[in-house]
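Please open the structure in your viewer and keep the selection tool at hand. The tour goes from one selection to the next, and at each stop it says what is there.

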Amino acid sequence: MQNISSVLLLGFALLAGAVVPFQAGANATLGRMLGHPLWATLVSLAVSIAIIIPVMMAFKVSAPAFSGTFKGPWWIWLGGAAGVIYITAALLLAPKLGATNFIIAVIAGQMIASLLIDHFGLVGLPVKPVNLARISGVVMILLGLAITQWATQPSRLSSPPSKSMLSQ
């Protein structure tokens, strides 16, 4: 049973990851239409609120206990700031880098930060020490980033032959 639940969880994670490039492209277009990327960030977050409130009502989620949060560590508030940074970066960078290069760079950044978070047990997560295999996985992602970036660079081989080349 553990394997089936793990596969389902990984499937949901893959689905969550699959929607991210669509979010980046949609928000970038929205930013152009609104005249500034920060307006698109605000609208995107407002749409998120408009969607989550009915979902919370459908699941009958009780009111939050905010009083306890003020006794928590300072970093519990970073999630919202991280969301704004990511959405704004997607708006600005995805149109310039393309979906593939933007997303693989995001994944590489996530993996590097995740290794540090795991190794030191940051933000309330359990310690999972860095080892050679985990570092190798991140290096492969970085190599993938380099390859996809290289593959999108214009080259002489992919451009049409010039008149001087045809006359030879």
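Begin by selecting Ile135, which has its place in helix H6, the helix made of residues 132-151; keep in mind, here and at every later stop, that this is a predicted model. Is Ile135 buried, partly exposed or exposed? Its relative accessibility is 37%, and because a residue counts as buried under 20% and as exposed over 50%, Ile135 counts as partly exposed. If you leave aside the neighbours within four places in sequence, the residues in contact with Ile135 are Leu115 and Val130. Now add Leu38 to the selection: Leu38 and Ile135 are 97 residues apart along the chain, and 35 Å separates their C-alpha atoms.

Next, select Thr41, which you will find in helix H2, running over residues 37-58. With a relative accessibility of 4%, Thr41 falls under the 20% cut-off and therefore counts as buried. Which residues are in contact with Thr41, once its neighbours within four places in sequence are left aside? They are Val84, Ile87, Thr88 and Leu91, so show their side chains together with that of Thr41.

Now turn to a pair of helices. Two packed helices are described by the angle between their axes and by the distance between those axes. Select helix H4, residues 78-97, together with helix H5, residues 99-120; these two helices pack at an angle of about 140°, and their axes are 7 Å apart. Because roughly antiparallel is kept for angles over 145 degrees, H4 and H5 are described as oblique to each other. To see the contact itself, pick out Tyr86, Ala89, Ala90, Leu93, Ala94 and Leu97 on the H4 side, and Ala99, Asn101, Phe102, Ile103 and Val106 on the H5 side. Of the residues in this contact, 10 are nonpolar and 1 is polar, while none is charged.

For the last stop, look for the largest pocket, whose volume is about 200 Å³. Select Gly17, Val20, Tyr86, Ile103, Val106, Ile107, Gln110 and Met111, the residues that line this pocket. Tyr86, Ile103 and Val106 may be familiar, since they also take part in the contact of H4 with H5. Which helix gives the most to the lining? That helix is H5, with 5 residues, and helix H1, residues 2-34, also supplies at least two. Colour the lining by residue type, and you will have 6 nonpolar residues and 2 polar ones, with no charged residue in the lining.

Definitions and conventions. Residues are numbered from 1 along each chain as its sequence is written. This is a predicted model: local features need pLDDT of at least 70, side-chain atom pairs count only at pLDDT 80 or more; totals for chains, interfaces and linings use all residues. Side-chain values use heavy atoms; hydrogens and water are left out. On a 1 Å grid over the protein atoms alone, a cavity is a set of points where a 1.4 Å probe fits but cannot get out, and a pocket is an open set with protein on both sides within 12 Å along at least five of seven lines; lining residues have an atom within 4 Å of a point. Grid points are joined across faces, edges and corners, and a volume is the space filled by probe spheres set on the points. Helices (H or I, at least four residues) and strands (E, at least two) are DSSP runs, numbered from the N terminus. Ala, Val, Leu, Ile, Met, Phe, Trp, Tyr, Cys and Pro count as nonpolar, Asp, Glu, Lys and Arg as charged, and the others, Gly among them, as polar. Axes are lines fitted to C-alpha atoms, for helices over the stretch in contact, and angles run from 0 to 180 degrees between N-to-C directions. Angles under 35 degrees count as roughly parallel, over 145 as roughly antiparallel, 65 to 115 as roughly perpendicular and the rest as oblique. Contact means heavy atoms within 4.5 Å. Buried means under 20% relative accessible area, exposed over 50%, partly exposed in between (1.4 Å probe, protein chains only).
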